[in-house]
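Please examine the sequence and the model shown below. The paragraphs that follow lead through its charged pairs, its nonpolar core and its pockets.

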Amino acid sequence: REDAHRLAHAIDVERAVDVAIAAGFRPDVDFLFGTPGEDLDDRRASLALAERLVERGARVHNHAFLPLPGTPLGKTEPEPLEPEVIDAMHRLQARGALYGQWRRQLTDARALVAARSLVRRRS
């Protein structure tokens with residue numbers, strides 16, 4: 001059931017991109033990787049969707065999950081991204097199809113988790 005729900009959302013995104021392109025726009029579609037609970041299959045599915053959208057003419061605005069303090073997921077940890085996922089992002093970026101501060105966000109996420117651990121130890 002969850003897979004069907006995810007597929008329906010992907011189809012909606014693809015349709016929206018098609019409509020935007022038909023109207024003369026080049027849509028930028030945001031992707032977020034490393035959200036708690038996400039797994040490699042989720043990331044592969046997201047990358048496959050990103051590839052399909054790029055083939056249609058969209059660009060990917062990529063993000064890495066940040067556990068921001070004070071938010072509902074602020075006390076969680078990001079899921080680590082596998083080398084194959086990072087390599088796929090680099091390939092899309094090299095083609096000019098993906099942009100964003102995702103690499104910096106990966107570093108910032110590690111720093112946030114480390115800072116939170118330090119604060120806990122001092123408390």
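In this predicted model, Glu14 has a relative accessibility of 10% and therefore counts as buried, the limit for that class being under 20%. Which residues does Glu14 meet in salt bridges? One partner is Arg52, and the nitrogen-to-oxygen distance between the two side chains is 3.1 Å. Because Glu14 belongs to helix 1 and Arg52 to helix 2, this pair ties together parts of the chain that are 38 residues apart in sequence. Arg52 itself, at 31% relative accessibility, counts as partly exposed.

Glu14 also forms a salt bridge with Arg56, where the closest N and O atoms are 2.7 Å apart. This pair again links distant parts of the chain, with Glu14 in helix 1 and Arg56 in helix 2, 42 residues apart. Arg56 has a relative accessibility of 33%, so it is classed as partly exposed. Through salt bridges with shared partners, Glu14, Asp18, Arg52 and Arg56 are joined into one network. Over the whole structure, the search finds 11 salt bridges.

Another of these charged pairs is formed by Glu38 and Arg43, whose closest N and O atoms are 2.8 Å apart. Both Glu38 and Arg43 are buried. The two residues also appear in the surroundings of Phe33: beyond its neighbours within four places in sequence, Phe33 is in contact with Glu38, Arg43, Ser46, Leu47, Asn62, His63, Ala64, Phe65, Leu81, Val85 and Met89.

Phe33 leads on to the nonpolar interior. In soluble globular proteins, nonpolar side chains tend to be buried together. Here the largest nonpolar core comprises 22 residues, and those with the most contacts inside it are Phe31, Phe33, Leu53 and Met89. At least two residues of this core come from each of helix 1 (2-22), strand 1 (28-33), helix 2 (40-56), strand 2 (59-64), helix 3 (83-94) and helix 4 (102-122). Helix 2 provides the largest share, 5 residues.

The pockets remain to be described. The largest pocket has a volume of about 420 Å³. Its lining consists of 17 residues, and Arg6, Asp42, Ala45, Ser46 and Leu49 are those nearest the pocket centre. Helix 1, strand 1 and helix 2 are the elements that give two or more residues to this lining. How is the lining of the largest pocket divided by class? It has 9 nonpolar, 2 polar and 6 charged residues.

The second largest pocket has a volume of about 170 Å³. Phe33 takes part in its lining, together with Gly34, Phe65, Pro78, Glu79, Pro80, Leu81, Ile86, Leu106, Ala109, Arg110 and Val113. Helix 4 gives the most to this lining, with 4 residues. By class, the lining of the second largest pocket divides into 9 nonpolar, 1 polar and 2 charged residues.

Phe33 thus recurs in two of these descriptions: Phe33 is among the residues with the most contacts inside the largest nonpolar core, and Phe33 also lines the second largest pocket. Helix 2 likewise recurs, as the source of the largest share of the core and as one of the elements that give two or more residues to the lining of the largest pocket.

Technical notes: Residues numbered from 1 in each chain as written. Predicted model: local features only at pLDDT ≥ 70, side-chain atom pairs only at ≥ 80, totals over all residues. Heavy atoms only, no water. Core = buried A, V, L, I, M, F, W, Y, C linked by side-chain atoms within 4.5 Å. Buried < 20%, exposed > 50% of the residue type's maximum accessible area, 1.4 Å probe, protein only. Contact = heavy atoms within 4.5 Å. Salt bridge = Lys/Arg side-chain N within 4 Å of Asp/Glu carboxyl O. 1 Å grid on protein atoms, 1.4 Å probe; cavity = no way out; pocket = protein on both sides within 12 Å on 5 of 7 lines; lining within 4 Å. Points joined across faces, edges and corners; volume = space filled by probe spheres on them. Nonpolar A, V, L, I, M, F, W, Y, C, P; charged D, E, K, R; others polar.
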